[in-house]
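User: I have not seen this structure before. Please take me through it in questions and answers.

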Amino acid sequence: MNGHGESDRSVVPTKLPNKGGEPLAEVAEGRDLAKGNTSPQNALRTQGRASVHSARERVRQAVKRDKGRPLTALFHHIANIDALREAYYSLKRQAAPGIDGETWEHYGGDLEAKLKDLVDRLKRGAYRAKPVRRTYIPKADGRQRPLGVTALEDKLVQLATVEVLNVVYEEEFRGYSYGFRPKRGPHGALDALAVGLERRTVRWVLDADLKAFFDSIDHEWMVTMIGYRIADRRVVRLIQKWLRAGVLENGRVARMEVGTPQGGNISPLLANIYLHYVLDEWADAWRKRIGGDVILVRYADDFVMGFQHKANAERFLADLRDRLAKYKLRLHPDKTRLIEFGRFAAANREQRGDGQPETFDFLGLTHRCAKNGKGWFVLRRTTSRKRLHAKLQELKGEMKQRMHDPIPKTGAWLGAVLRGHFQYYGVPGNSNAMRFMRDQVTRYWRHNLRRRSQRDRTTWTNMAALAERWLPPADPVHPHPYHRLRVITRGKSPVR
């Protein structure tokens with residue numbers, strides 16, 4: 001570690017790993033199974049899963065035993081018929097096909113033979129990554145988010161690779177990194193941030209946004225960072241193949257010099273690795289050198305930091321811009337803000353005549369300063385207006401298409417949609433936004449029912465009964481952040 005908190009890492013010399021074991025024999029044809037016997041396919045899956053998990057456990061033990069030492073023999077855990085079979089059965093059955101046009105069902109028609117051939121190509125170095133088919137989905141702000149649809153065999157190899165690399169990097173990643181990691185999710189990040197803002201001395205919040213992060217990842221730096229822990233050249237070459245595979249759009253393949261397509265199974269892990277070295281390790285070293293509380297919570301490329309002292313926050317922001325520039329990244333100029341926030345913000349701003357404290361959004365929830373019945377500071381979290389409006393507009397359009405569906409069918413669909421919405425946004429203190437969502441859905445539903453016929457006489461009394469029958473109540477489904485986080489972390493800080 002140098003004087004600026006940066007890692008003086010260099011790529012460790014690599015050597016080829018040991019050869020993997022031979023693939024399992026194909027299932028032989030024969031007589032029907034006796035009653036009660038397990039099918040060969042299920043037996044292969046069960047035995048293969050046990051074998052794969054045992055192998056990964058050995059990798060985990062090696063990582064713990066030789067902490068910090070690059071691993072040289074991982075490829076045989078990927079070019080392995082059991083690992084690829086497990087990856088196949090974990091894929092979504094109805095996922096859109098990639099550039100190869102291959103579907104899950106068709107590939108499974110002769111699965112064992114195809115997996116054996118794939119393993120053989122991987123070991124011979126004959127495996128070639130296919131370009132990613134680009135598609136777009138609408139974002140909450142009206143823009144389009146590019147997504148990559150990966151070819152099926154690329155999905156299999158990427159999933160098998162991710163499973164092995166997760167074993168390695170879960171020992172490396174910081175506790176305040178929550179995005180796209182096993183047994184972690186957005187509510188863990190939201191809980192950690194809430195507890196940090198309420199329990200630590202935070203007076204200033206840096207709400208940061210990286211501009212076009214996935215499109216800006218530098219391939220050379222990415223490979224260098226992989227080399228810090230992975231010294232198996234065949235694994236590194238796999239990752240390089242996916243980075244260079246290119247994107248198919250409008251019938252033309254564009255080769256990628258930077259960036260990783262969103263939508264691929266490997267992309268979230270690569271993003272976490274990149275930001276682990278660019279941000280997490282560096283931020284850890286940075287805040288150890290200064291005084292005062294500093295908290296950090298990151299979910300993929302979205303992160304929030306809290307500071308006790310404004311001078312530290314301003315200094316960090318300036319240093320962060322320089323740090324990101326070194327790795328070909330930059331902050332979004334319009335979405336990165338340093339705001340006064342916390343238990344003293346309201347009083348300080350009132351004294352200066354600056355009005356109410358500003359708010360910030362993180363993972364779809366707006367965070368604001370509030371007080372409880374005793375006048376103590378509490379963090380209030382409500383559904384982001386932008387997210388709420390976008391969801392209602394989406395529902396309104398879909399309900400129009402379903403206008404003439406039978407009431408039970410529409411009711412069951414709307415109930416499922418609202419339950420999913422409440423499952424995410426049903427945090428303590430967000431009941432008003434949840435009730436507003438439910439009421440608006442009820443209004444849209446009544447409007448559509450009345451439009452089905454000029455003689456329709458659907459009253460609000462009728463709608464109240466329908467809503468009671470089909471729509472879930474607008475009640476919080478998540479516990480208070482401190483209670484859940486205390487169980488998960490067992491006293492360890494999730495933000496430091």
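The turns below go from the whole chain to its sheets and one helix pair.

User: How many helices and strands does the protein chain have?

Analyst: The model is a predicted one. Of the 496 residues of the protein chain, 49% count as buried. Among contacts between residues at least 6 apart in sequence, 73% join residues at least 24 apart. As for its elements, the protein chain has 17 helices and 11 strands.

User: In the open sheet of 4 strands, which are the edge strands?

Analyst: This open sheet has the order β2-β1-β4-β5, with mixed pairing. Each edge strand pairs on one side only, and the edge strands are β2 (144-149) and β5 (252-254).

User: What is the average twist from one strand to the next in that sheet?

Analyst: The sheet in question has the order β2-β1-β4-β5. From one strand to the next, the twist averages 45 degrees.

User: Which residue in β2 stands opposite R133?

Analyst: Strand β1 (residues 132-138) runs antiparallel to β2, and 6 bridges join the two. Opposite R133 in β2 stands V149.

User: Why is one side of β9 and of β11 left without a neighbour in the sheet?

Analyst: These strands belong to an open sheet of 3 strands with antiparallel pairing, in the order β9-β10-β11. Neighbouring strands of this sheet are turned against each other by 40 degrees on average, direction ignored. One side of β9 (360-362) and of β11 (377-383) has no neighbour because they stand at the edges, each with a single partner strand.

User: What is the bridge partner of C369 in β11?

Analyst: Strand β10 (residues 365-371) pairs with β11 over 7 bridges, in the antiparallel sense. In β11, C369 has as its bridge partner L379.

User: At what angle does helix α6 run to β11?

Analyst: Helix α6 covers residues 186-199 and lies across β9, β10 and β11. These are the strands of the open sheet with antiparallel pairing. To β11, helix α6 runs at about 150 degrees.

User: Is strand β7 mostly covered or mostly open, by its count of buried residues?

Analyst: A residue counts as buried under 20% relative accessible area. In strand β7 (residues 302-307), 5 of the 6 residues are buried. By that count, β7 is mostly covered.

User: Which residue in β7 is the bridge partner of V297, and which stands opposite A208?

Analyst: Strand β6 (residues 294-299) runs antiparallel to β7, and 6 bridges join them. Strand β3 (residues 204-209) also pairs with β7 in the antiparallel sense, over 6 bridges. For V297 the bridge partner in β7 is V304, and opposite A208 stands F303.

User: Which residue takes a positive phi in the hairpin of β6 and β7?

Analyst: The hairpin has 2 residues between the strands. The positive phi there is near 55 degrees, and the residue that takes it is A300.

User: Is α5 parallel, perpendicular or oblique to α9?

Analyst: Helix α5 (residues 152-169) and helix α9 (residues 233-244) pack with their axes 12 Å apart, at an angle of about 135 degrees. Over 145 degrees would count as roughly antiparallel, and 65 to 115 as roughly perpendicular. The angle therefore makes α5, relative to α9, oblique.

User: How many residues of the contact of α5 with α9 are nonpolar, polar and charged?

Analyst: In this pair, α5 passes α9 in a left-handed crossing. The contact is made by D154, V157, Q158, T161 and L165 of α5 and by V235, L238, I239 and W242 of α9. These residues divide into 6 nonpolar, 2 polar and 1 charged.

Terms used. Residues are numbered from 1 along each chain as its sequence is written. This is a predicted model: local features need pLDDT of at least 70, side-chain atom pairs count only at pLDDT 80 or more; totals for chains, interfaces and linings use all residues. Side-chain values use heavy atoms; hydrogens and water are left out. Buried means under 20% relative accessible area, exposed over 50%, partly exposed in between (1.4 Å probe, protein chains only). Two strands pair if DSSP finds at least two bridges between them. Axes are lines fitted to C-alpha atoms, for helices over the stretch in contact, and angles run from 0 to 180 degrees between N-to-C directions. Angles under 35 degrees count as roughly parallel, over 145 as roughly antiparallel, 65 to 115 as roughly perpendicular and the rest as oblique. A crossing is left-handed if the near helix is turned anticlockwise from the far one by less than a right angle, and right-handed if clockwise. Contact means heavy atoms within 4.5 Å. Ala, Val, Leu, Ile, Met, Phe, Trp, Tyr, Cys and Pro count as nonpolar, Asp, Glu, Lys and Arg as charged, and the others, Gly among them, as polar.
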